[in-house]
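Okay, thanks for coming, everyone. Let me put the structure up on the screen, and then we'll walk through it together.

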Amino acid sequence: MVLASDGLGQQNPFSRLTGRDQPIEASAVWYERADRRGRLVLDRSTVPALLWQEGTLEVYAVYTNRASGGGEVMLTDTDRALLRLSNLGGATFFPPDAPDGVIVELIGPAHTLVASPASVTELQRAARELADFVTRLNRHQVVVEVPSLGPSDNAYLVDTLRLAQLGVERANRRALRDLQSIRVLTGSRANAVYANGALEITIATGRGYAGRPSSEFIRRALDRGR
């Protein structure tokens with residue numbers, strides 16, 4: 001168990017999603033926005049699938065539903081539509097800067113979305129960075145607890161801590177007044193619950209990016225539990 005209550009130097013551990021050491025599979029493809037404002041990867045090698053916009057800090061687990069009028073729509077764990085695929089092969093992406101959608105064009109195969117292994121030191125650094133961030137934000141000491149697993153699973157624990165920071169940053173400030181601790185647990189499915197001053201985030205180990213809740217799911221848990 002890694003426990004943190006103060007901060008170390010900040011470091012962004014998000015990296016190498018599309019590095020050469022990851023395999024290229026037909027199930028993972030690049031799309032480019034028609035407005036030429038970026039690219040994204042859709043990786044169907046896992047269930048749920050994964051979606052990542054190049055240059056952003058979050059890989060989304062997306063669930064496939066039928067779209068009205070045909071085709072399918074990819075939804076996050078908060079039911080936000082991120083990508084719509086038509087029966088004719090067209091695709092529309094729904095990023096924050098284009099909420100009404102922007103057409104994206106398939107441009108070729110991509111690397112699967114796999115995080116690089118993380119050491120115990122990197123995990124501890126991420127936990128302390130989160131503790132330091134939340135402590136500064138709500139002006140009282142916050143403890144962060146996270147299990148230390150093997151390097152492969154630690155990578156997604158580090159990522160979960162980063163998503164927790166994004167969720168806290170976007171939460172209503174009143175929801176954070178009583179926040180005393182953040183605990184990351186392992187379980188059968190991704191979840192986040194906030195009660196009695198404790199934010200508990202559950203990840204399903206072995207499922208990679210598909211096994212942890214999104215930052216928006218964490219933000220909603222904080223706001224609901226205040």
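Let's start with Q165. Leaving aside residues up to four places away in sequence, Q165 touches E129, L130 and F133. This is a predicted model, by the way, so keep that in mind throughout. Where does Q165 sit? Its place is in helix α2, which covers residues 151–170. Now, is Q165 buried or exposed? Q165 has a relative accessible area of 19%, and the cut-off for buried is under 20%, so Q165 counts as buried. What about those contact partners, E129, L130 and F133? Helix α1 spans 120–138, so the three partners of Q165 fall within α1 by their numbers. There's a handy rule here too: an α-helix has 3.6 residues a turn, so residues three or four places apart point the same way.

Okay, let's zoom out. How many helices and strands does the chain have? There are three helices and 13 strands. The chain has 226 residues, and 49% of them are buried. If you take contacts between residues at least 6 apart in sequence, 58% of those join residues at least 24 apart. As for the outside, the accessible surface comes to about 11000 Å², and carbon and sulfur atoms account for 48% of that.

Next, the pocket. The largest pocket has a volume of about 290 Å³. There are 21 residues lining the largest pocket, and the ones closest to its centre are T56, E58, Y60, R80 and P96. What kinds of residues make up that lining? It divides into ten nonpolar, six polar and five charged. Three elements, β4 (49–53), α2 and α3 (215–225), each supply at least two residues of the lining. Which one gives the most? That's β4, with three residues. And yes, α2 is the helix we met with Q165.

Since α3 just came up, let's stay there for a moment. The buried residues of α3 are S215, F217, I218, R219, A221, L222 and D223. What covers them? The cover includes α2, β12 (191–195) and β13 (198–203).

So, on to β12. Strand β12 has two faces: A192 and Y194 are on the covered one, while N191, V193 and A195 are on the uncovered one. β12 runs antiparallel to β13, and five bridges join the two. One pair to look for is V193, whose bridge partner in β13 is E200. The two strands form a hairpin with two residues between them. In that turn, N196 has a positive phi of about 55 degrees.

There's a second hairpin, made by β3 and β4, with five residues between the strands. Strand β3 covers residues 39–43 and is mostly covered, with four of its five residues buried. β3 and β4 run antiparallel and are joined by four bridges. If you want a spot to click on, L40 stands opposite Q53 in β4. The loop between β3 and β4 is also where you'll find P48. What joins V47 and P48? A cis peptide bond, with omega at about 0 degrees.

Now for a couple of backbone oddities. D79 isn't a glycine, yet its phi is positive, about 65 degrees. D79 is found in the loop between β6 (72–75) and β7 (81–85). Buried or exposed? Its relative accessible area is 62%, and exposed means over 50%, so D79 is exposed. R139 also has a positive phi, near 65 degrees, and R139 is a residue other than glycine as well. R139 lies in the loop between α1 and β10 (143–146). At 77% relative accessibility, R139 counts as exposed.

Last stop: A175, in the loop between α2 and β11 (181–186). Is A175 buried or exposed? With a relative accessible area of 1%, A175 is buried. And how far is A175 from Y194? They're 19 residues apart in sequence, and 9.4 Å apart in space, C-alpha to C-alpha. Y194, remember, is on the covered face of β12.

Okay, that's the tour. Go ahead and rotate the model yourselves.

How values were computed:
Residues numbered from 1 in each chain as written. Predicted model: local features only at pLDDT ≥ 70, side-chain atom pairs only at ≥ 80, totals over all residues. Heavy atoms only, no water. Buried < 20%, exposed > 50% of the residue type's maximum accessible area, 1.4 Å probe, protein only. Contact = heavy atoms within 4.5 Å. Areas by Shrake-Rupley, 256 points an atom, 1.4 Å probe, with all protein chains shown as cover. 1 Å grid on protein atoms, 1.4 Å probe; cavity = no way out; pocket = protein on both sides within 12 Å on 5 of 7 lines; lining within 4 Å. Points joined across faces, edges and corners; volume = space filled by probe spheres on them. Nonpolar A, V, L, I, M, F, W, Y, C, P; charged D, E, K, R; others polar. Pairing = 2+ DSSP bridges.
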